[in-house]
Amino acid sequence: MSSKKIVVVFGATGNQGGSVIKTLLEEPSTNSQFEVRGVTRDASKPAAVALAGKGVSFVKADLDDKSSLTHALKGAYAVFALTSWGEIMDKEREIQQGKNVADVAKEQNVQHLIWSSLPYVSKISGGKFTKVLHFDSKAIAEEYIDTIGVPATHIIPGGFYNYLLYFLKPTSPGAKSYKFCAPFPVTTKLPVFSVNEDTGKYVKAILLNREKVLGKQVYIAENHYSMIDIVKTLKEVGGLDVVAEEINDATYRKNLAAAGAPDFFIEDMSDNMKFMQSYGYFTEKQAEEGRELVSQHLETLEEWVAKAPEVAALKGLPVEGIKEGPNIY
Ligand SMILES: NC(=O)c1ccc[n+]([C@@H]2O[C@H](COP(=O)([O-])OP(=O)(O)OC[C@H]3O[C@@H](n4cnc5c(N)ncnc54)[C@H](OP(=O)(O)O)[C@@H]3O)[C@@H](O)[C@H]2O)c1
């Protein structure tokens with residue numbers, strides 16, 4: 001029997017969990033002491049099949065089904081858990097999924113739960129922005145985890161680089177020139193990072209520094225960038241024809257509605273953007289503390305833009321390897 005500690009990874013077939021598994025397998029410091037157990041609802045998914053080919057064992061479980069989690073977490077030393085807002089779009093259900101994994105982690109005596117959380121917007125803003133359901137839900141689950149006493153560390157991921165591209169609008173239908181439109185000043189700096197390359201580096205550092213980070217939040221960002229910075233990189237490195245433009249809240253809402261967002265989510269995102277402008281998502285100091293913990297090279301925006309198939313596709317080049325989308329969330 002293996003003497004390695006078992007790390008259960010939710011979202012194994014997705015961005016964050018996929019990155020965690022990649023790092024834990026590739027890095028000698030983690031591969032030597034941890035065994036990865038991936039969680040999926042469907043082991044026939046191509047991403048699960050590919051990981052199984054690399055020796056990852058999979059267990060079938062569903063965050064909505066608490067009984068399935070008992071089997072998934074049996075014997076686990078650590079758990080990386082996240083929820084998928086884009087799939088559920090329901091605050092109470094997202095909170096319950098977090099509570100389910102927390103309860104079972106406690107029952108199974110898990111030594112380290114790493115929870116993918118987000119800032120508690122209602123609380124931080126003193127009740128000013130109360131509609132950012134997909135942030136508050138994760139933060140409420142975070143509080144529950146701490147309340148019931150599961151040893152835990154919470155990651156607070158910044159925006160994903162690929163998510164930035166959803167702010168690009170063609171200047172006319174079908175055009176290959178774009179406006180980068182967001183409802184805040186073009187100089188407002190926000191934290192972003194490469195979810196696929198770098199989530200795993202943070203989780204690795206958290207696992208290897210358990211005592212230091214228990215009960216703490218770890219903020220994930222390669223850097224804070226403004227719309228001006230992003231557009232400059234998209235132009236100079238990505239070769240895109242793009243300008244930055246501050247739009248008002250009404251136009252932002254109209255764009256979301258045109259992309260098919262339901263009313264409650266338009267409210268959520270509108271409040272979210274106001275929160276971003278007022279509070280910067282999270283601070284540069286918090287991001288710096290996270291980077292100090294990792295002390296590894298993080299993929300820069302320039303590096304990501306240079307290789308991202310999503311950017312090439314915006315220029316009209318035929319490319320492969322783009323994930324299904326668009327996901328406006
Ligand atoms: N976009 C951004 O900039 C940004 C920034 C910070 C945080 N976030 C948050 O990141 C989350 C999405 O993360 P991601 O991009 O890594 O996810 P993703 O690539 O969309 O994948 C979702 C993963 O979650 C798993 N999953 C979904 N529902 C599940 C359930 N009921 N039980 C078990 N597993 C389940 C899926 O596994 P199977 O399908 O294989 O079962 C899949 O692996 C969202 O909640 C979002 O709010 C996004």
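**Close-up 1. Polar contacts of the ligand in the predicted model**. In this predicted model, an oxygen atom of the ligand lies 3.4 Å from a polar backbone atom of Gly-11. An oxygen atom of the ligand is also found 2.6 Å from an N or O atom belonging to the side chain of Thr-40, and for Phe-160 a polar backbone atom is 2.9 Å from a ligand oxygen atom. Of the 950 Å² of accessible area that the ligand has on its own, the protein covers 89%.

**Close-up 2. The shell of residues around the ligand**. The ligand is surrounded by 29 residues, the closest being Thr-13, Thr-40, Arg-41, Lys-45 and Thr-83. By residue class, the shell consists of 10 nonpolar, 12 polar and seven charged residues. Two or more shell residues are contributed by each of helix H1 (15–26), helix H5 (85–88), helix H6 (91–107), helix H8 (133–148) and strand E7.

**Close-up 3. The open sheet of E7, E10 and E12**. Three strands, ordered E7-E10-E12, make up an open sheet in which the pairing is mixed. Strand E7 (159–160) and strand E12 (223–225) each have a single partner strand and therefore stand at the edges, with one side of each left without a neighbour in the sheet.

**Close-up 4. The pairing of E10 with E12**. Strand E10, which spans residues 190–193, pairs with E12 in the antiparallel sense, and three bridges join the two strands. Leu-190 has Tyr-225 as its bridge partner in E12.

Methods: Residues numbered from 1 in each chain as written. Predicted model: local features only at pLDDT ≥ 70, side-chain atom pairs only at ≥ 80, totals over all residues. Heavy atoms only, no water. Pairing = 2+ DSSP bridges. Helix = DSSP H or I, 4+ residues; strand = E, 2+ residues; numbered from the N terminus. Near = heavy atom within 4 Å. Polar contact = N/O pair within 3.5 Å; in protein donor to acceptor, adjacent residues only side chain to side chain. Areas by Shrake-Rupley, 256 points an atom, 1.4 Å probe, with all protein chains shown as cover. Nonpolar A, V, L, I, M, F, W, Y, C, P; charged D, E, K, R; others polar.
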